[in-house]
Structure formats: structure tokens, C-alpha cells
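Please open the model in a viewer, with the sequence panel visible. The tour below proceeds by selection, from the sheet to the helices that pack on it and then to single residues.

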Amino acid sequence: MKILEEIKKLCLSRYNLFVIGVQVAIYVLLVSIWSLVIMLLEHDVKAAKESMCVNSFVLFLLLIVFMVNFYLLVPYLFETKNKTKHWAFWIINLLFITLWNHHIFSIYNEDMPNAPIRVGFYQFGVMWMILNYTMVVAAIFVRYYIRHNILRRQLREEKQKMTEAELAWLKNQLNPHFLFNTLNNISSLTQTSPNNAQKAIEQLSELLRYALYETQPKEVSLNGEIAFIKNYINLMRIRYGSNVEIKSQFVIHNSQLLIAPLVFLTPVENAFKHGISANKPSFVNISITEDNGKIVFLCENSNYPKNDTDKSGKGIGLENMYRRLELIYPERYHIEQQITAEVYHLKIIIKP
């Protein structure tokens with residue numbers, strides 16, 4: 001009963017119905033082509049009809065051997081890891097092929113006129129068995145090919161799901177990291193300039209609105225990202241005085257360019273976190289430009305790395321950024337990074 005239920009399930013499956021349709025279509029095509037060849041060579045419609053009858057019968061026998069193996073014997077016997085079932089597969093095929101073709105082999109008659117005809121019949125029998133076993137081997141290889149493709153598709157789907165899950169995790173890490181750093185900046189303002197702290201909180205609310213609600217798609221407008229970075233830079237200007245030189249340049253000709261959301265946020269944050277000294281002249285230069293359809297992000301800043309006692313973050317931002325770039329733009333991004341005693345240089349080129 002279980003085998004019958006499996007057969008019913010196979011027959012009702014859309015995919016298997018499609019495969020059966022393809023097999024029947026190939027059968028009809030072969031019969032038609034052979035009959036057409038006969039008619040063209042013999043110029044005889046009657047011969048073509050007779051050829052169609054004979055070949056449709058012969059090919060039908062081979063088709064049944066293929067389908068029985070494809071849907072029953074191969075999946076239930078050959079594809080198992082049981083050696084006994086493997087032997088049973090070949091024995092059952094021998095019995096099935098012999099019984100299925102008994103009417104062909106029964107044509108033989110000991111009273112055939114001469115030995116050459118009998119020898120020819122033996123040769124036909126051997127070739128016919130080889131053809132039948134060719135159908136068996138074809139069923140094995142076709143099932144292997146289909147199963148291999150299905151497994152590859154499933155692996156691709158699983159990999160895609162894992163990639164999307166990892167990207168979601170990285171993105172969820174990004175917003176708290178951004179908020180953590182920004183609140184640290186505002187915290188210092190509350191002690192030195194309450195009015196500026198109030199302005200900073202207002203700007204922070206606008207930044208958070210974008211980060212929480214505008215960055216849900218996989219890609220967002222590059223102009224929207226630039227507006228976000230500009231707001232962030234303005235927020236930093238409130239905190240730092242004339243002792244810090246902040247320059248920015250944004251030149252984008254194609255307004256349709258898209259980019260992964262917040263992908264440049266981490267280096268911008270780090271530029272202010274590691275590039276500003278409390279008692280030494282400092283600078284931050286940030287630019288985003290378009291170069292032949294490529295997005296070029298450039299960040300240069302004075303280099304004042306934090307010491308081990310600093311609690312403003314543990315450096316997970318850059319690791320997340322590199323991983324996101326690798327997942328979203330594989331082989332479509334390039335990073336140049338140079339660190340000297342006084343200057344940190346970072347260049348990211350992305351081909352959307």
C-alpha cells in the first residue's frame with residue numbers, strides 16, 4: 001500500500017507530470033522523425049505509415065522500460081545503500097525486460113530456413129537487450145542529474161537564506177552601534193554646552209528616523225544616504241569647535257544610483273571617534289563621488305586612536321562593514337586603507 005501511495009504521489013506531482021510529458025513528447029518526436037525520414041527516402045506514404053506503426057511499438061517498449069526504472073526501480077532499489085536491493089535491482093530488470101519483450105523473442109522458430117537467419121536473430125536479440133539496458137542506465141543517469149540539480153538549487157536557496165539572515169543580523173548590530181557612539185557624543189555635550197546638546201538630540205531624532213524607517217529595503221537611494229551622512233556630519237560640527245577642520249564633498253550625477261543602507265556609516269563614525277584630539281589640531285575629510293558608474297567613498301582624518309581604557313566601542317563596526325560588503329557586493333568592491341602615525345586614509349569603491 002505504501003508503494004501504491006508513493007506512485008500516486010509521484011503521478012500527481014506537477015513536476016513529475018512535467019517530466020512524464022517531456023518523455024512522451026520525446027517518444028512522439030522520435031517516431032515522427034523516423035517516419036518522416038522513411039517517407040523522404042522511399043517516397044512512399046504507405047511505407048511511412050508502416051514504419052510509424054513498427055517504430056511506435058518498438059519505442060513504446062523501450063519507453064516503458066525507462067519509465068518503470070525511472071519512477072519505481074531506481075528510486076526504491078538502486079538509490080538505496082542496501083547492497084541486497086542493488087542486486088535485486090539488476091535481477092528484477094533482467095526478469096522484467098525478458099517478460100516485457102517475450103513476444104519479440106518468441107518470434108524465433110527452429111524451422112527458420114537457414115543458419116544465417118538464425119544467427120541474425122541471435123544478434124538482434126543481443127542488440128535488443130543492450131537497448132533495453134541502455135534505457136535502464138539512462139533512467140539512472142537522468143534521475144541522478146535531476147536529483148543533483150535539485151540539491152544544488154536547495155543549497156543555493158539555503159545559502160541565500162543564511163546570507164539574508166546574516167545581513168539582517170549585521171544590520172541589527174549596526175543601528176545600536178551607531179546609537180551607542182552618537183549618545184556618547186551627546187553625553188559630552190550635556191556637560192559643556194546644554195544648548196548644543198538640545199540641538200544634537202533633535203538632529204539625532206532625524207537620523208534615527210532614517211536609520212529605523214528608511215533603510216528597510218536591501219538598497220536605498222544614494223542621495224538619501226548622502227543626506228543622512230550630511231546630517232551626521234552637522235551633528236558632529238555642533239560638538240567640535242574651531243580646533244577641528246571638517247570638510248565634505250558630494251558629487252553624484254546619476255540620481256538613480258542605489259546603495260546598501262548605512263554602508264558608509266561606520267567609517268564616518270570612526271573618523272570622528274579616532275580622528276579628533278581634545279587638545280591637538282584635527283581634521284576630517286569625507287567625500288562621496290561618482291566615477292563611471294562606480295561609487296567612490298573617501299575618508300581621511302587625523303589619527304588619534306583610543307587607548308584600551310576608552311569605553312566608546314570595541315571596533316565591531318568595521319568588521320561588520322567588511323562582512324556586509326563581502327555579502328552584498330562580492331567581487332564588486334575594492335578597499336584601500338593606509339594608516340600612518342598622523343593620518344588615516346580609507347577609500348571604498350563600489351560597483352552597484
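Two strands are said to pair if DSSP finds at least two bridges between them. Helices (H or I, at least four residues) and strands (E, at least two) are DSSP runs, numbered from the N terminus. The model is predicted: local features need pLDDT of at least 70, side-chain atom pairs count only at pLDDT 80 or more, and totals for chains, interfaces and linings use all residues. Residues are numbered from 1 along each chain as its sequence is written, and side-chain values use heavy atoms, with hydrogens and water left out.

**The whole chain**

Begin with the entire protein chain, which has 10 helices and seven strands. Of its 352 residues, 33% count as buried, where buried means under 20% relative accessible area, exposed over 50%, and partly exposed in between (1.4 Å probe, protein chains only). Contact, here and below, means heavy atoms within 4.5 Å. Among contacts between residues at least 6 apart in sequence, 71% join residues at least 24 apart.

**The sheet**

Next, select the five strands that form an open sheet of mixed pairing, in the order β2-β4-β5-β7-β6. At its edges are β2 (244-251) and β6 (333-339), each of which pairs on one side only. Neighbouring strands of this sheet are turned by 5 degrees against each other on average, direction ignored. For this and later values, axes are lines fitted to C-alpha atoms, for helices over the stretch in contact, and angles run from 0 to 180 degrees between N-to-C directions.

Start at the β2 edge. β2 and β4 are paired in the parallel sense over eight bridges; to find the register, select Ser248, whose bridge partner in β4 is Ile286. Moving on, β4 and β5 run antiparallel and are joined by eight bridges, with Thr289 partnered by Val296 in β5. These two strands form a hairpin with two residues between them. Asn292, in the turn, has a positive phi of about 55 degrees.

Now go to the other edge. There β6 pairs with β7 (residues 343-350) in the antiparallel sense over seven bridges, and His334 stands opposite Ile349 in β7.

**Helices on the sheet**

Select helix α8 (residues 222-239), which lies across β2, β4 (282-291) and β5 (294-302) and runs at about 170 degrees to β2. Add helix α9 (residues 265-274), which packs on the sheet and touches β2, β4, β5 and β7. The direction of α9 makes about 10 degrees with that of β5.

Two packed helices are described by the angle between their axes and the distance between the axes. The axes of α8 and α9 come within 11 Å and cross at roughly 15 degrees. That makes α8 roughly parallel to α9, since angles under 35 degrees count as roughly parallel, over 145 as roughly antiparallel, 65 to 115 as roughly perpendicular and the rest as oblique. Show side chains for the contact: Phe228, Ile229, Tyr232, Ile233 and Met236 of α8, with Leu265, Val268, Glu269 and Phe272 of α9. By class, these residues divide into eight nonpolar, no polar and one charged. Ala, Val, Leu, Ile, Met, Phe, Trp, Tyr, Cys and Pro count as nonpolar, Asp, Glu, Lys and Arg as charged, and the others, Gly among them, as polar.

Keep α9 selected. Nine of the 10 residues of α9 are buried, so this helix is largely enclosed by the rest of the structure. Asn270 lies in α9 and counts as buried at 13% relative accessibility. Not counting residues up to four places away in sequence, Asn270 touches Gly275 and Leu318.

**Helix α7 and the loop after it**

Return to α8 and add helix α7 (residues 194-214), which packs with α8 at an angle of about 165 degrees, the axes being 9 Å apart. That makes α7 roughly antiparallel to α8. Residues to display in this contact include Leu207 and Tyr210 in α7, and Phe228 and Leu235 in α8. The contact of α7 with α8 has seven nonpolar, five polar and three charged residues.

Where does the tour end? The last selection is Gln216, in the loop between α7 and β1 (220-221). Gln216 is exposed, with a relative accessible area of 55%. Add Pro261: Gln216 and Pro261 are 45 residues apart in sequence and 8.1 Å apart in space, C-alpha to C-alpha.
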